[in-house]
Amino acid sequence: MDQRLLLYLVVCPLLFLGGFVDSVAGGGGLITLPAYFLAGIPVHIAAGTNKLVNCLGSSTAAIQYLRSGKIRLPIALTAAAGALAGSTLGAQLALLLPERLLKGLMLIALPLVAVLLALKKDIGGEGTDLTARSPRRTAAISLAIGLVIGVYDGLIGPGTGTFLIMAFSAFLSLNLITASGCAKVVNASSNIAAAVIYLLHGKVLWSFLLPAAACCILGNFCGARCAIRGGSRRIRSMIFVVLILLFIKLGCDLVL
């Protein structure tokens, strides 16, 4: 099939689905990155285009959560500052790595994402807010979460939103809807930092940017509304399915 047809008939719907999944429980990159790979887009251009498109998608979702009062702004903004620095470093490291090595790193990371998702049974559910900590300690934890996961996002990417939700839930006791809202702010910051690095190195598929952005924005908008209404549990199984498919795809790329 012609690459342009693949982009519009296969990649666009998957970008909508990835945006929907990412805005609810994270892990949208597990859908969007392999979508670009399926169309034969080189890994660095796929990563750069994905980051730029996801900037717009994550920002759309963040606005929806903010309007619904589901974001702790001090936590989200502090973590976003850490992610900005971490993602910049991670993206610069990614550009220095050969394509085969980068795919190898993704192949190693994906089973870890699956294990963490399997162990964290309440991903996508409701929890309790227990942030009875000093502001300084909360800020330090938030900054550390953003920095560490920002490096991961800039270097590898898939599963970042899920990692953020899990970290906010585990270390700051946020309920999962609030954790998801905060994750969207951090995701937007991290994606912006990484996107700038890829832009400066010309790693963006400009001819496909507008339709890709439109699909991602629409998916994030619909997904955020679904999550706010309590539907985050419904997409958890999709993350596992796409995770397995991506693992198989990258494994085949490395072996063949």
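Start with the aromatic rings: a search of this whole predicted model finds two aromatic pairs. A pair of aromatic rings is described by the distance of the centres and the angle of the planes, and both values are given at each stop below.

**Stop 1: Tyr 8 and Phe 208**

Select Tyr 8 and Phe 208 and show their side chains. The ring centres are 5.8 Å apart and the planes stand at 90°, so this pair is edge-to-face. Now colour the surroundings: Tyr 8 sits in helix H1, while Phe 208 belongs to the loop between helix H8 (176–200) and helix H9 (209–228). The pair therefore ties together parts that are 200 residues apart in sequence.

Is each partner buried or exposed? Tyr 8 has 37% relative accessibility and counts as partly exposed. Phe 208, with a relative accessible area of 1%, is buried.

**Stop 2: Tyr 152 and Phe 163**

Next, select Tyr 152 and Phe 163. Here the ring centres lie 5.2 Å apart with the planes at 90°, so this pair is edge-to-face. Tyr 152 is in helix H6 (residues 135–155) and Phe 163 is in helix H7 (residues 160–172), with their positions 11 residues apart in the sequence. Buried means under 20% relative accessible area, so Tyr 152 at 16% counts as buried. Phe 163, at 18%, counts as buried too.

**Stop 3: helices H1 and H2**

Go back to H1, the helix that holds Tyr 8, and select residues 3–25 for H1 together with residues 29–38 for H2. How do these two helices pack? Their axes are 8 Å apart and make an angle of about 170°. Angles over 145 degrees count as roughly antiparallel, and H1 and H2 are therefore roughly antiparallel to each other.

To see where they touch, show the side chains on both helices. From H1 come Leu 6, Val 11, Leu 14, Leu 15, Leu 17, Gly 18 and Val 21. They meet Ile 31, Thr 32, Ala 35, Tyr 36 and Leu 38 of H2. By class, this contact has 10 nonpolar residues, two polar ones and no charged ones.

**Stop 4: the whole chain**

Finally, zoom out and switch to a cartoon view. You will find 10 helices and zero strands, so there is no need to look for a sheet. Of the 256 residues, 57% count as buried. Among contacts with a separation of 6 or more, 84% join residues 24 or more positions apart. Turn on the surface to end the tour: the accessible surface comes to about 10,800 Å², and 71% of that belongs to carbon and sulfur atoms.

Terms used: Residues are numbered from 1 along each chain as its sequence is written. This is a predicted model: local features need pLDDT of at least 70, side-chain atom pairs count only at pLDDT 80 or more; totals for chains, interfaces and linings use all residues. Side-chain values use heavy atoms; hydrogens and water are left out. Helices (H or I, at least four residues) and strands (E, at least two) are DSSP runs, numbered from the N terminus. Buried means under 20% relative accessible area, exposed over 50%, partly exposed in between (1.4 Å probe, protein chains only). Contact means heavy atoms within 4.5 Å. Accessible areas come from the Shrake-Rupley method with a 1.4 Å probe; for residues, only the protein chains shown count as cover. Axes are lines fitted to C-alpha atoms, for helices over the stretch in contact, and angles run from 0 to 180 degrees between N-to-C directions. Angles under 35 degrees count as roughly parallel, over 145 as roughly antiparallel, 65 to 115 as roughly perpendicular and the rest as oblique. Ala, Val, Leu, Ile, Met, Phe, Trp, Tyr, Cys and Pro count as nonpolar, Asp, Glu, Lys and Arg as charged, and the others, Gly among them, as polar. Rings of Phe, Tyr and Trp (its six-membered ring) pair if their centres lie within 6.5 Å; planes under 30 degrees apart count as stacked, over 60 as edge-to-face and the rest as tilted.
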